[in-house]
Amino acid sequence: METTNGGNGPAEYDVGVIGGGFAGSLLATVLARAGVRTLLLEAAPGPRFAVGESMVPYSAALARAVARRYDVPEIAALGSAEQVAGTLSARSGVLRNVGFVLHRPGLRQYPGEVYQVVNPSVVPDPPHLYREDVDARLLALAGRTGAEVRTGAGARVEGVRVEADRGAWLRTADGTETAVRYVVDASGPGSPVARELGLREEPAAWEHRSRCLYTHMTGVTPYDDTPGGRAGGQPGRWHEGTLHHVFDGGWLWVIPFGNRRRGGDGPCSVGLVLDARRHPAVEGRAPQEEFDAVLGRLPDVARQFAGARALRPWTSADPLQHSVSRMVGDRYCLASHAAGFVDPLYSRGLGHSLEVVNALAWRLIAAARDGDWSTERFRPVEDLQRSLLGAHDDLTRASFVAFRDHALFNAVVRVWTLSTVLGALAVEHANAAYARTGDDAVFRALEGPDRPGGAHFASLAPLARTLCTDVEAGRRTPADAAERIFAALREADYVPPPLGLADPADRFFHNTPARLLRAARWVRAEAPEDTAVLLKGALRGLLGERLRAARR
């Protein structure tokens, strides 16, 4: 089927991508490498702050999957802190762990109320992305790969018209109207497609409600160098990963850059996320004033920021959440943050973007070849995105309730740990299988609505949300809810007991060689067959990745 430009000739492009950020540039690069005529429109390509700066092992594995599946080796660099530093941004950092420190307002932090997930040595350390550098390089990569890239104010999309049997027309601020056979909007919450087609939902469909203040700061003391930070007994340095300070009513992130070597003194990304129902914005109150007020209630966090100052104006997002009534329709798809957003908690955003690129790209490539742009071909991409966002809504809703009680948060954070570990293992297993067979069916299997974390995880996030909702309503005590979550983890036959996820006293998910050896014995002797296949395949893939990294 051939679409036309207002009846005056063939469409100029197969796919028009709106938004040259992380997801849009990656998608355009993949499509162009496959020979798809691709137009990428980015109205504001200059340096800008973007929420979503932590690549965790799950998203790093997805970057390698996209690179291999679509033969774009440059994308694989996103999975390694060292490769990012060498090819995309010397200002980026490293994530060797993900840490959580629970604070009680007005009190000193209790050392036992901490949790840390440490990357096992077999996993390449993912990066903290200095997004203004990385996004600019990815935008340039799309152009070098063959996409036509238009930037600047004139590339701002001001009108969108779609016709099911012909294609889409994009009208930009410079007066140009461009015909495409299909449009992907990856621009973010200000999505032109959502605006023009009336798709934005008010309020957002998600149960969770939060607002956010964020900036980059200098002079942030590593938490390890404060009295509270030294007392936790954690296996890894807090400043070598993404640190979450959590408290009743919200949480605060610290993402260090320039921390690949101990003692790195680069800037930090800092964000404050507050429960919008309990802490609504006060008109006229400056973000720095609100940030300082929160520090005044958290004495150990205040010590970390005693000498800090903002490097750029604070950005406010109120509310953070947004959603659309349809993500896929006739000749269009809303992708990544244009489709919806819940909360930056647990660093899910970059992983979600890579999931969508992985699932959408091959469908667009096939459509460009066979002319079938039917909505049904792309419907699974909407199912995947709704599943990802819904699971994150469940887990975030539960977590904000759990922030008030250590026992409950200690349980809920294990649900996240299990989801991210299972998700990473599933992708590494697919990477290893694809390296052996070259059959991308292993990647298509990852697109089921139970991602991330697999079918096993499907019941745990809703369980945590239900139990925490009961706690919030006074129908259940935090201790009872915590015990029920730990009981579910103990009963799950796919969770290796040697890893300690079901043990409330095990405060650190630190897979030392001894622990991994015990887990390997469990896999051989007791694990369900599907779990054993997953773990063995993932381990082979990770060992292979380590060998490739050593050769590089």
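## Helix 14, cysteines and an arginine contact

Helix 14 is followed by G474, a residue whose phi is positive, near 80 degrees. The model described here is predicted.

**Helix 14.** This helix comprises the 13 residues 460-472. At 1.5 Å a residue, helix 14 should span 18 Å, and its end C-alpha atoms are 18 Å apart, so the expected span and the model agree. Several positions of helix 14 are buried, namely L460, A461, A464, L467, C468, D470 and V471. For C468, the relative accessible area is 0%, which means that this cysteine counts as buried.

**Cysteines.** A disulfide is a covalent bond between the sulfur atoms of two cysteines. The structure holds 0 disulfides. C268 is accordingly in no disulfide, and the nearest cysteine sulfur, belonging to C212, is 16 Å away. Because a disulfide requires two cysteine sulfur atoms within 2.5 Å, the 16 Å between the sulfur atoms of C268 and C212 does not meet the cut-off. C268 has a relative accessibility of 1% and therefore counts as buried.

**Arginine 64.** R64 lies in helix 2, which covers residues 57-69. The side chain of R64 forms a polar contact of 2.4 Å with the side chain of E428. With a relative accessible area of 4%, R64 is buried.

The relative accessible areas of these residues are collected below, where buried means under 20%.

| Residue | Relative accessible area | Class |
|---|---|---|
| C268 | 1% | buried |
| C468 | 0% | buried |
| R64 | 4% | buried |

Conventions:
Residues numbered from 1 in each chain as written. Predicted model: local features only at pLDDT ≥ 70, side-chain atom pairs only at ≥ 80, totals over all residues. Heavy atoms only, no water. Helix = DSSP H or I, 4+ residues; strand = E, 2+ residues; numbered from the N terminus. Expected span 1.5 Å × (residues − 1). Buried < 20%, exposed > 50% of the residue type's maximum accessible area, 1.4 Å probe, protein only. Polar contact = N/O pair within 3.5 Å; in protein donor to acceptor, adjacent residues only side chain to side chain.
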